[in-house]
Amino acid sequence: MKASVSEFNAYRAKQNKRLLESDNLLIKRLFHLDQRAYEAGALSVATKEMLGLAMSLVLRCDDCVKYHLEQVMQAQVSEAEILEVLALAQLVGGSVVIPHARKAIEWWDVLHENPSISEA
């Protein structure tokens with residue numbers, strides 16, 4: 001599964017590049033807005049990424065969950081904090097979020113098995 005981290009990141013980068021090479025100004029603006037939204041401001045990067053993770057779980061976007069888990073890991077968020085995010089997302093989203101929480105904790109474990117991720 002370690003290869004899947006690099007595969008996921010490579011696929012994401014390739015497809016993002018493809019989209020951003022288009023001549024679509026709206027796509028470019030949305031990507032830029034998304035990037036800027038997660039910069040430190042009144043809320044820390046870690047807090048914003050945990051919010052992104054919770055929203056991604058409730059919206060049931062597994063790719064988004066994977067992305068935000070990597071970001072919170074890089075922001076040095078603890079597993080205890082991640083488990084609280086997973087719990088809150090399940091509370092808000094209901095039992096339909098449970099399978100996504102399972103995948104999330106599995107991905108969290110995979111990220112921790114790959115030390116190069118936390119150094120990025």
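The dialogue below works through helix packing, a disulfide, backbone angles and a few single residues in a predicted model.

Student: I would like to begin with helix packing, so at what angle do the axes of helix α5 and helix α6 cross?

Tutor: Helix α5, which covers residues 79-93, and helix α6, which covers residues 98-113, have axes that come within 10 Å and cross at roughly 165 degrees. Because angles over 145 degrees count as roughly antiparallel, that value makes α5 roughly antiparallel to α6. The handedness is a separate property of the pair, and here α5 passes α6 in a right-handed crossing.

Student: Which residues of α5 and α6 meet?

Tutor: On the α5 side the contact is made by Glu79, Ile82, Leu83, Leu86 and Gln90, and these meet Ile98, Ala101, Ala104, Ile105 and Trp108 of α6. Sorted by class, the residues of this contact between α5 and α6 divide into 8 nonpolar, 1 polar and 1 charged.

Student: Helix α5 also packs against α3, so at what angle do the axes of α3 and α5 cross?

Tutor: The axes of α3 and α5 come within 9 Å, and the angle between them is roughly 40 degrees. As with the previous pair, a sense can be given to the crossing, and α3 passes α5 in a right-handed one. From α3, the residues Met50, Leu53, Ala54, Leu57 and Val58 take part, and they meet Glu81, Ile82, Val85, Leu86, Ala89, Val92 and Gly93 of α5. By class this contact has 10 nonpolar, 1 polar and 1 charged residues.

Student: How are α4 and α6 oriented, parallel, antiparallel, perpendicular or oblique to each other?

Tutor: The axes of α4 and α6 come within 10 Å and cross at roughly 40 degrees. An angle under 35 degrees would count as roughly parallel, and one of 65 to 115 degrees as roughly perpendicular, and α4 and α6 are therefore oblique to each other. Their crossing is right-handed.

Student: What classes of residue make up the contact of α4 with α6?

Tutor: It has 8 nonpolar, 2 polar and 4 charged residues. Among the participants are Asp62, Lys66 and Glu70 in α4, while His100, Lys103 and His112 are included on the α6 side.

Student: Asp62 appears in that list, so which residues does Asp62 touch, leaving aside those up to four places away in sequence?

Tutor: Asp62, which is found in helix α4, touches His100 and Lys103 once those sequence neighbours are set aside. At 22% relative accessibility, Asp62 counts as partly exposed. A spatial distance can also be set beside a separation along the chain, and the C-alpha atoms of Asp62 and Ala101, 39 residues apart in sequence, are separated by 9.3 Å.

Student: How far apart in space are Val5 and Val110?

Tutor: Val5 and Val110 lie 7.8 Å apart, C-alpha to C-alpha, with their positions 105 residues apart in sequence. Val5 has its place in helix α1, residues 2-20, and with a relative accessible area of 0% Val5 is buried. For another pair, Glu113 and Ile82 are 31 residues apart in sequence and 16 Å apart in space by the C-alpha criterion. Glu113 is in helix α6 and, at 44% relative accessibility, counts as partly exposed.

Student: Turning to covalent links, how many disulfides does the structure hold?

Tutor: A disulfide is a covalent bond between the sulfur atoms of two cysteines. The structure holds 1 disulfide, formed by Cys61 and Cys64, whose sulfur atoms are 2.4 Å apart. With 65 degrees about the S-S bond, the link is right-handed. Cys61 is partly exposed, with a relative accessible area of 25%, and Cys64 is likewise partly exposed, with 30%.

Student: Finally, what value does phi take at Arg60?

Tutor: Phi of Arg60 is near 60 degrees, a positive value in a residue other than glycine. Arg60 sits in the loop between α3 (45-59) and α4 (62-74), and Arg60 is partly exposed, with a relative accessible area of 42%. A second case is Gln76, where phi is also near 60 degrees and the residue is again other than glycine.

Student: Where is Gln76 placed, and is Gln76 buried or exposed?

Tutor: Gln76 is in the loop between α4 and α5, and its relative accessible area of 72% makes Gln76 exposed.

Notes
Residues numbered from 1 in each chain as written. Predicted model: local features only at pLDDT ≥ 70, side-chain atom pairs only at ≥ 80, totals over all residues. Heavy atoms only, no water. Axes fitted to C-alpha atoms, helices over the stretch in contact; angles between N-to-C directions. Helix = DSSP H or I, 4+ residues; strand = E, 2+ residues; numbered from the N terminus. Left-handed = near helix turned anticlockwise from the far one by under 90°. Contact = heavy atoms within 4.5 Å. Nonpolar A, V, L, I, M, F, W, Y, C, P; charged D, E, K, R; others polar. Buried < 20%, exposed > 50% of the residue type's maximum accessible area, 1.4 Å probe, protein only. Disulfide = S-S within 2.5 Å.
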